[in-house]
Amino acid sequence: MPEDPPDRQWHRRLLGGDEAALREAFQHFSPAVLGLAYRILGSLTMAEDVVQDVFVRLWEQPERFDPQRGPLRSYLLAMTHSRAVERLRAEASQLRRIDAAGRQHGRGPQPDPTDALVMQETGAAVRRVLADLPEEQRAPIEMAYFGGLSYREVAVALAEPEGTVRYRIRAGMQKMRAALQAEEVAP
Amino acid sequence: MSDAWDPEDQAIARALGADQNAETEGADEQLVDSYREVLSHIPVAEVAPSTGLEDRVVAAALARRPASVPTLGAARDRRRRRARRIQMAVLAATIVAAAIVIGAIVHAGTAGSPAPKAHMSLATVHRDDIAALVRAPGTRTAVLGTLGRVALGRIGDGVVYQLGRTQPLSIGLVSDGGTTVIGPASPNGGTIAFVVDHPERVKAVELLRNGASVARGELTPG
């Protein structure tokens, strides 16, 4: 897995209690963190709370991030996703979440309130593959990831057997992972 | 299709956070990480944090664990941000004052018409300020074809943004009383800021190049 050199520097400086490193990491990653939290929660106020949780946690326990295991961006986004889904599950009942995910199904990415759309420069292959995935694979992945639904809940929302949902998610995710790996080894 | 969960299924469900069952216990953490990285590349619209969020987050973080490295850089950054906010406020006030004077010499439709008066600003508008303007109550926005976007605040502070490298553009503010054309000017950092004295009269915004309209967007509440 390639290592982003700034990640290692941020890690070292965060471990050393360097406030400037926290600010730099915030300035670099907060738009993506806020964007993901907002996409999941649909509330800027709640999303900003998640952003605070994530960066406070990064500062408080920097040793939990291991640059050998992956980029800081994916570590922060995984934590963001986890915190946002926890909040979503706490705020909305299972039925409401399934209903919301079902209604969102097929609408594609939602606009953000600032219209400040800035996409990542890396991972283009993943985005291409995601865009090309058949709807039957893309939809359950997005419902699980952005809607905070379990496989069983996705199955209910799509009126499909749970095993079918699991198979389709797996097929789509494997295609994206293969594309990312191919991109990483490409010269 | 088998019902058995293999390591791939376990890792994918863990990465998606969809593992509310016991099937993913003992998942291969390295595989989970690789799928998390995949998910980190799924396109999500980034959102600029509101002004002050960084300071709030840092304050909360430092309350948990004090910094042990001198933060001269951070203090300098804070001073710069504070100075920038003051500069922006002064600039806005100056622009509004200037608008009253300059408005008299700006094309504003026929005399006595309700077409608003306006002018451009040379200020570079930071992304945070655009986000704040877009979020502000009463702000209206429009998409200007593929060239960019525009946001017009309730008090008349406007900005055309997300402009790429382009030749100088004029901005047309379309109202019932006519079109007020200002400029041309080259985008500064992808933005052109402007001020208009009666924003409520502006129905749509046009971009013009060499006098010809190249994009137009009807303003709608954000």
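User: What makes two strands count as paired here, and which residue stands opposite Glu206(B)?
Analyst: Two strands pair if DSSP finds at least two bridges between them; strands are DSSP runs of E, at least two residues long, and helices are runs of H or I, at least four, numbered from the N terminus. Glu206(B) stands opposite Arg216(B) in strand 9 of chain B. This is a predicted model, so local features need pLDDT of at least 70 and side-chain atom pairs pLDDT 80 or more, while totals for chains, interfaces and linings use all residues. Residues are numbered from 1 along each chain as its sequence is written, with chains lettered from A and ligands numbered from 1 in the order written.

User: How do you know that strand 8 and strand 9 of chain B pair?
Analyst: They share 6 bridges, in the antiparallel sense, and the definition asks for at least two.

User: Why do strand 6 and strand 9 of chain B count as edges?
Analyst: The open sheet runs 6-5-8-9, and strands 6 (178-185) and 9 (212-218) each have a single partner strand, so one side of each has no neighbour in the sheet.

User: Why is helix 7 of chain A called oblique to helix 8 of chain A?
Analyst: Their axes, lines fitted to C-alpha atoms over the stretch in contact, with angles from 0 to 180 degrees between N-to-C directions, cross at roughly 125 degrees and come within 10 Å. Under 35 is roughly parallel, over 145 roughly antiparallel, 65 to 115 roughly perpendicular and the rest oblique, so helix 7 of chain A is oblique to helix 8 of chain A.
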